[in-house]
Amino acid sequence: MVDPQIYFEAKKHREGAKGYIDNPKKTEGLLKKAILKARINKGTLGDAWEKLQLFFDLVQAYSKGEYRNVAPTTILTIIGAILYFVSPLDVVPDFLVGLGIVDDAAVISFTLKKLSVEINEFKKWKLSTTKGNPLD
């Protein structure tokens, strides 16, 4: 079960995501910040690392118009989770080394569970589009 405070914070960030959904440039900036933070914290993120990469890929594909087989509310929820992830002041502040990323990972995992059907569909699409691509 997800901590009620984490759920509240994730929902609050979902509201902030509305300014990103139709703004590819703003979304790109958010993804750059999130990717950098994810790389820095890769070891601490554990299983959430791969989930987060999938979120980044989905938001990027949606933003570029490459993948639209997903509800706008799903994209808002994922962008909200990414906003929560990049926020330095959340339930457990990021300056608490080793602990600050734990709540971020919890929000990522919660979001993935909540949206697992659509995430799995995107994963299948992504695999089908990269098969045989010599650049991958």
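Start by selecting Arg-68 and Tyr-62: the charged end of Arg-68 sits over the ring of Tyr-62, 4.1 Å from the ring centre. Keep in mind as you look around that this is a predicted model. For a second view of this kind, move to Lys-26 and Tyr-20. There the charged end of Lys-26 lies over the Tyr-20 ring, and the distance to the ring centre is 4.6 Å.

**The aromatic cluster**

Next, select Tyr-67, Phe-122 and Trp-125 and show their side chains. Ring pairs link these residues, Tyr-67, Phe-122 and Trp-125, into a cluster. A search of the whole structure turns up three aromatic pairs, and two stops on this tour involve Tyr-67.

Begin with Tyr-67 and Phe-122. Their rings pair edge-to-face, with 5.1 Å from centre to centre and 70° between the planes. Colour the chain by helix and you can see where the two partners come from: Tyr-67 is in the loop between helix 4 (48-63) and helix 5 (72-86), while Phe-122 belongs to helix 7 (residues 116-130). The pair links distant parts of the chain, 55 residues apart. Are these two residues buried or exposed? Both Tyr-67 and Phe-122 are buried.

Now keep Tyr-67 selected and swap Phe-122 for Trp-125. This aromatic pair is tilted, at 4.8 Å centre to centre and with 50° between the planes. Here too, distant parts of the chain are linked: Tyr-67 in the loop between helix 4 and helix 5, Trp-125 in helix 7, 58 residues apart.

Switch on a surface to look at Tyr-67 and Trp-125 again. Tyr-67 has a relative accessible area of 3%, so it counts as buried. Trp-125 has 25% relative accessibility and therefore counts as partly exposed.

**Salt bridges**

How many salt bridges are there to visit? The count comes to three.

Stay with helix 7 and select Lys-126, then add Asp-57. These side chains form a salt bridge, and the closest N and O atoms are 2.3 Å apart. Because Lys-126 lies in helix 7 and Asp-57 in helix 4, the pair ties together parts that are 69 residues apart in sequence. On the surface view, Lys-126 is partly exposed, with a relative accessible area of 28%. Asp-57 is partly exposed as well, with a relative accessible area of 26%.

Still in helix 7, select Lys-124 and Glu-121. Their side chains meet in a salt bridge at 3.4 Å, N to O. What separates the two along the helix? Lys-124 and Glu-121 are three residues apart in helix 7, so about one helical turn lies between them. With the surface still on, Lys-124 counts as exposed because its relative accessibility is 53%, whereas Glu-121 counts as partly exposed at 36%.

For the final stop, go to helix 2 (residues 24-40) and select Lys-32 with Glu-28. The two form a salt bridge in which the closest N and O atoms are 3.4 Å apart. Both residues lie in this helix, four residues apart, about one turn of the helix. Lys-32 counts as exposed at 56% relative accessibility, and Glu-28 counts as partly exposed at 44%.

Terms used
Residues numbered from 1 in each chain as written. Predicted model: local features only at pLDDT ≥ 70, side-chain atom pairs only at ≥ 80, totals over all residues. Heavy atoms only, no water. Phe/Tyr/Trp six-rings, centres within 6.5 Å; stacked < 30°, edge-to-face > 60°. Buried < 20%, exposed > 50% of the residue type's maximum accessible area, 1.4 Å probe, protein only. Lys NZ or Arg CZ within 6 Å of the ring centre and 35° of its normal. Salt bridge = Lys/Arg side-chain N within 4 Å of Asp/Glu carboxyl O.
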